[in-house]
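This report goes through one protein model, from its cavity to its strands and a few single residues. Please keep the sequence and the structure open while reading.

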Amino acid sequence: MGKYKKYLIPLSVILVVLIFFLARSLLVSNKIEELKDYEGYIKTNNLLEMSYKDYLETYQSEINYGNGSISITPDDYNIDESLRINQNESNGYDMGVVRLNRGNEITFTINTAESGMYELYLDYFYIGNELLPPKIGLLINDEYPFYESRQLSFPVTWAPEVTDTKQGTYQVIHHYQLDRYNNEVQPKSSIVRAWQTSAIYDGSYFYGTPLLFYLEEGENVVKIISRSNDLLIGRVTFGSPKEIPDYKNYKATYAGKERYKGLITIEAEYYTYKSDPSIKLYSDTNPSSTNYHSRIKKLNAIDAYTWNEAGRSVTWEIDVPKDGLYKLGFKYIQYQMIDLPAYRKIEIDGEVPFAELLAYPFQYSTKWKNEVLGNGYEDYYFYLTEGKHEIRLTSVIDPYRPIVETLKSIMTEITDLSLDIKKLTGGKTDAYRDWKITEYIPDIADRLLSWADELDKAYRYGNSLNNTDKLAGELINLRYAEENLRELADDPDKIPNKLTALSEGSTSVSQYLGDLTLRLTKQTMGIEKFYLFTDSKLPKADANIFKKLSENIKQFFYSFKNQYSHYDSKDPDTIEVWVNRSRANIDLLQKMIDEEFTPKTGIKVNLSLMPNADKLILANAAGIQPDVALGVGNNTPYEFAIRNAVVDLRQFAGYEELVANYPPGVLIPYIYADGVYGLPETIDFYLTFYRTDILDKLDIPVPDTWDEVTEILPELQQYGMNYYIPLGSSSSYKGFSITLPFYYQNNAKLYADDGMSTVIDSAEGYRAMKMMTDLFTIYDLPKQIPSFYNHIRYGTLPIGISSSSAYLQLLIAAPEIQGNWDIALYPGLASEDGEVKRYSSVSSSALMMFKSSTKQEKAFEFIKWWLSTDTQSRFAQDLQTMYGKEYMWFSANLKALESLSIDEEHKQIMLEQLEWAIETPNVPGGYYLEREISNAWNAIVFNDKNIRTAIDEAVLSSNREIKRKMTEFEYIVNGVKVKDFLVPTLENIDYWLKERRDDK
C-alpha cells in the first residue's frame, strides 16, 4: 500500500475536480431546464394573449364577405347610468349617447346568426383636448381575443387654423399667418368637433386594414374599456368585412365612361384635414414648387419627416368639374427609405376604390418626382362625379410587415438564447476561459444558421419590393446580421465571450435588427402637389439646372441679410436675446413676443439662433454678448458667474414671484456665493415606468421603496426579466444625474460645509455607494442596457426608472403598448418617521443675463414675461398644436406644467415627484468628483474592487483637483484657505425666500 501512497493525493485532487465539474454540469443543466420550464410556462399559460397575426391565422377560414351587419344602440349598453347623456346634450346625435372617461366600461350582448370574423365600427365624438387619439380595450366573452385588442385606436380629425380662405377653381385656398418678416407661419391645428364613424385599428397601425374579431354563433358578450377621457360613444356596429375589387374589375365597372380632358392641379399645402397634429407643412426651396419665393418662407409642401408614422393621413377636398374618368398623379419626394418604396393607402370619399391602392408604392427618390398611379403596364383611371370629393392618403407599412415580424421573432429568440448563456456563465466573461456551450445547448449552431437563413429570405423579399435591379441599401443591416450569425455558428463555444456580436453592443445582431425594425416602420414621404388629368403632359417635377443655379445665387446673397434682427440693437428699447433651441421654438417665441410682450411693454426683442452654447464664451471674450441667453445648460450660469460675467437675478423686483413656482431643488446649480445667476426654463426628471399588462399578469406590485424593489427581483428574474435603473445604461460614465439620488436618499453630503473637500467617505456616503453597487453585484440588475425604451416595449424589462424623455418616447413612439404602461413615483428610502425620501435628480435648460448689458431692467422684464405661468402655458400648448405632439414642453414652472396636455393622473404623479427634485451643487473642481464616483462604481461592479478602497481613492483624487481650482479662484492662497465657499443647499433657498418675505 505504501508504494501507492504518493499517488493518493494527486488522485484525490483529480477526483474532487471531477466531482466539482460533474456537480457544476448538473447544476447548469438544471438551470437550463428551469429556464425552459419558465419559458414554457409563459408560452403555454399565455402570460400575454396571442398576437393578432396568430389570431388571424387561426380564424382565417372564418372570414366571410357580405353577411351584413349588426348594430347595438346606447340604449342596449349595460353601464353605470351616470355615464348616460340625453339626446339634447349629445352634440347632434340622433339619440342619447354615453360619455366615457379612462377606466369606464360598456358591456352589451350581441347575437350572431353564424360564427365568423367581423369588423367593428364605432360612432364617436371626441370632446377632449389630448393630442393622442382616443383608445379603447375590447374583450369578447371576458377575454382579450388577441394582445393588440388591449389597445385599439380610432382617429381624431384635425384641421389647420388659418387667417382666411377663398374658393379656388378646384380647392379652397388657405391664407396662413405671416410673421414680422412676411414669412408664412406654421398653422396651429384644432380638433374637428363632429360625430365620426370609424373602423377599429391596432394602436400602432401595424395593419392598414380594419381589425377582424371572431364571434361565435349565438350570444357573445362584448366589453369596451375606455383608455381615454372625454369620449362620447353612439352605436357600435359589427359587420362582415368588405371585399375590395382589383383594378381589373373596377375598370370593367366603368368601361365606356368619358375621359376628362384637361389638367387639374391641387396644391398639397391647402389640405383640408389631417389625422395627427404632428403632420406639418414646410417651405421647399426648389424653384419648381408653385408657391415659392427666393427670400421669404412660403409653406408649399407636406413635410416628409412628419408624415411618416403608420396611420397618419392627410385629406384634401377637391371640386371635380364634370363626371368622367381621371388619372391621378402626385409630385412627391421620398429620400428616407434607401432604394425601397414608402407606401400609402389611397382613399376616395372614404373608400379604397380597388385593392392595388391598399398599399401603393412610392419609390425612392432624392428629387421631386411625378408618379402617375398605375401598375407599370397601364395607368389607373378613376371615375369621379361632378362636385366635391375627398382624397385621403394614409401611411401604411403592410408590405414590410413580414420582414418586421421576422425580425421581432428573431430578436426575441436571441434574447432567450442570451439568457440561457448567461445562466450558464453566471453573466461573467473571461477571454482566457473556455466554455463547452454545445454540451448544454446542442442545437445552438442550428438555431443560429436557421436565423441566418430567415434573414436571407427577408433580404430577398425586401429587394423584391424595389422596382429596379439595384439592391436596397436600406436592408444592409440584414446582411450584417446574417454574417454575424454565420460566423458565430462556426464556433459556438466562443459565443459567451462574443455576446457583443450577438445581443449586446452597437454591432450586435440584435442592434442591427432593432435599428432596421424602427426604420421600416417610418414611411417618410413629402408631397408638393397632385394632379387630376387624362392625356395632358404633367409639368416637370424638378427645376432645370439653370433655374436652380439662378435661385441659389439669389439665396446666397439674401443670406447676408439677417432677417432675424428686425430692430436696431442700438435702440434703447431693444434687447438682444440669443436662443440655443430649434428654429421651430424660436419662430413661435418671436410670434408671441410680437403679439403680446412688445405691445404690452414697448420693449422690442431681437431673437438670434445660437446653434452652439459655446458661442457665448467667444462672444463674452470679444465683448459682443447678448443681453439674455436662453436654452443654456444648467452649469453654464455658474461658469460665467464665477468669472463675474452674469447678473445676480435676486436683485430684481419680481424674482421671488418667479421662483415661487419652481421646485426649490432645481435652483441649486444656479447659486454662486449668495446670488442666483440663472433660472430654469425646462426640466427633465426621473420616474418609474412599468408595463401594467405584464405586472398584472404576474401579480407583481409596483415597488415604493428600494427594499420593495429587491423583493420583486427574484420573481422577475425567474421569468427572464429584470428591473432597470439608469446606472445600468450602456454608457460607462455614471454622471451625477444618476448617482446623486443615492447620496441624498441616504442623507449623505458630497462636499464639506466650507466646500474645500469632498465627504463621500462618510458613513452615509459609504452606505450610498454600497447601495448602488449592491443592486448590481448582489441583486444582478442589468449592467449594460443601450435602450430602456426598447426593452420596456418588448417586455424584457417591464419596470424601471427613466427620465421624462422616455415618457415622451413611450407616449409618441410606442403606440402598440399604449394603455399597457403607466408611471409611478421614484423609489425611495423610508425614514424613521415612515416618510419615504424620494430625492431624484433633475436637469434643466436655463436662461441668464449678461453683466455687460446696459438694459438690465428691460431684460428682466422680458425674463419675467417669458417665465410667467401664462406665457409658459401658452407656449407649451401652441408648440404642440403647431408642430405636433412630440414637441412637449416640460416647463420648470410647476403651475405651467399643470396645464400640459397629458393624462391627469400622470401629471399629478409628476408634480408629486418634483417635490423631491434635486440638482447637484456647483463647486470648483466638482466635475472631478463626478468622474471619480463613476470610476469607483465601475471598479466595484466590474472589477470586484473593495468599496472602501475605491471610495478612498476617489476622495484623494477629487480633493486634489478641488484644491487646485479653489487656488485658481483665490479661495486658497499660498496653500491656506482665506474664505469659505458657500455650498448651495435647499436650506439656502428656503432661507432666502423666507428672508425676502420677512422684509416685505
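## Cavity, strands and selected residues

The residues that line the largest cavity divide into 7 nonpolar, 1 polar and 1 charged. They are V579, R581, N585, I586, L589, L630, W866, F875 and W889. Helix 11 (residues 583–601) supplies the largest share of this lining, with 3 residues. The volume of the largest cavity is about 40 Å³, and the structure holds 1 cavity of 30 Å³ or more. Rolling a probe the size of a water molecule over the atoms shows where empty space is left.

**Confidence of the model**

The model is predicted, and the protein chain has an average pLDDT of 88. A score of at least 70 is reached by 92% of the residues. Where in the protein chain is confidence lowest, and where is it highest? The lowest mean, 43, belongs to helix 1 (residues 5–44), and the highest, 97, to strand 23 (residues 342–348). Over residues 16–46 the pLDDT stays under 50. For that stretch the model has 24 contacts beyond four places in sequence. Where pLDDT is low, the predicted coordinates should not be read in detail.

**Strand 34 and its partners**

Is strand 34 (residues 679–691) largely enclosed or largely open to the outside? Of its 13 residues, 12 are buried, so strand 34 is largely enclosed by the rest of the structure. Strand 34 pairs in the antiparallel sense with strand 40 (residues 840–849), over 6 bridges. In that pairing, T682 has S845 of strand 40 as its bridge partner. Strand 34 also pairs with strand 36 (residues 799–803), again antiparallel, over 5 bridges. There Y686 stands opposite S803 in strand 36. With strand 37 (residues 821–824), strand 34 forms an antiparallel pairing over 4 bridges. F689 has I823 of strand 37 as its bridge partner.

**Other strand pairings**

Strand 3 (residues 97–100) is joined to strand 2 (residues 84–85) by 2 bridges, and the two run antiparallel. V98 in strand 3 is the bridge partner of R84. Strand 3 is also joined to strand 16 (residues 231–239), by 3 bridges and in the antiparallel sense. L100 stands opposite L231 in strand 16.

Elsewhere, 5 strands form an open sheet in the order 4-15-6-7-13, with antiparallel pairing. Strand 4 (105–112) and strand 13 (201–202) are the edge strands of this sheet, each pairing on one side only. Inside the order, strand 6 (residues 135–140) and strand 15 (residues 218–226) run antiparallel and are joined by 5 bridges. I136 stands opposite S226 in strand 15.

The table lists the pairings described above.

| Strand pair | Bridges | Opposite residues |
|---|---|---|
| Strand 34 and strand 40 | 6 bridges | T682 and S845 |
| Strand 34 and strand 36 | 5 bridges | Y686 and S803 |
| Strand 34 and strand 37 | 4 bridges | F689 and I823 |
| Strand 6 and strand 15 | 5 bridges | I136 and S226 |
| Strand 3 and strand 16 | 3 bridges | L100 and L231 |
| Strand 2 and strand 3 | 2 bridges | R84 and V98 |

**Two residues with positive phi**

Most residues other than glycine have a negative phi, and most peptide bonds are trans. D699 is not a glycine, yet its phi is positive, at about 55°. The residue lies in the loop between helix 15 (692–698) and helix 16 (706–718). D699 has a relative accessibility of 67%, over the 50% cut-off, and therefore counts as exposed.

D944 likewise has a positive phi, near 55°, and is a residue other than glycine. Its place is the loop between helix 25 (926–943) and helix 26 (947–968). Is D944 buried or exposed? Its relative accessibility is 62%, so D944 counts as exposed.

**Y282 and its contacts**

Y282 is found in strand 19 (residues 281–282). With a relative accessible area of 23%, Y282 is partly exposed. Which residues does Y282 contact, leaving aside its neighbours within four places in sequence? They are K298, L299, N300, A301, I302, D303 and W368. A301 is 19 residues from Y282 along the chain, and the C-alpha atoms of the two are separated by 5.7 Å.

Definitions and conventions: Residues numbered from 1 in each chain as written. Predicted model: local features only at pLDDT ≥ 70, side-chain atom pairs only at ≥ 80, totals over all residues. Heavy atoms only, no water. 1 Å grid on protein atoms, 1.4 Å probe; cavity = no way out; pocket = protein on both sides within 12 Å on 5 of 7 lines; lining within 4 Å. Points joined across faces, edges and corners; volume = space filled by probe spheres on them. Nonpolar A, V, L, I, M, F, W, Y, C, P; charged D, E, K, R; others polar. pLDDT = per-residue confidence, 0-100. Contact = heavy atoms within 4.5 Å. Pairing = 2+ DSSP bridges. Buried < 20%, exposed > 50% of the residue type's maximum accessible area, 1.4 Å probe, protein only.
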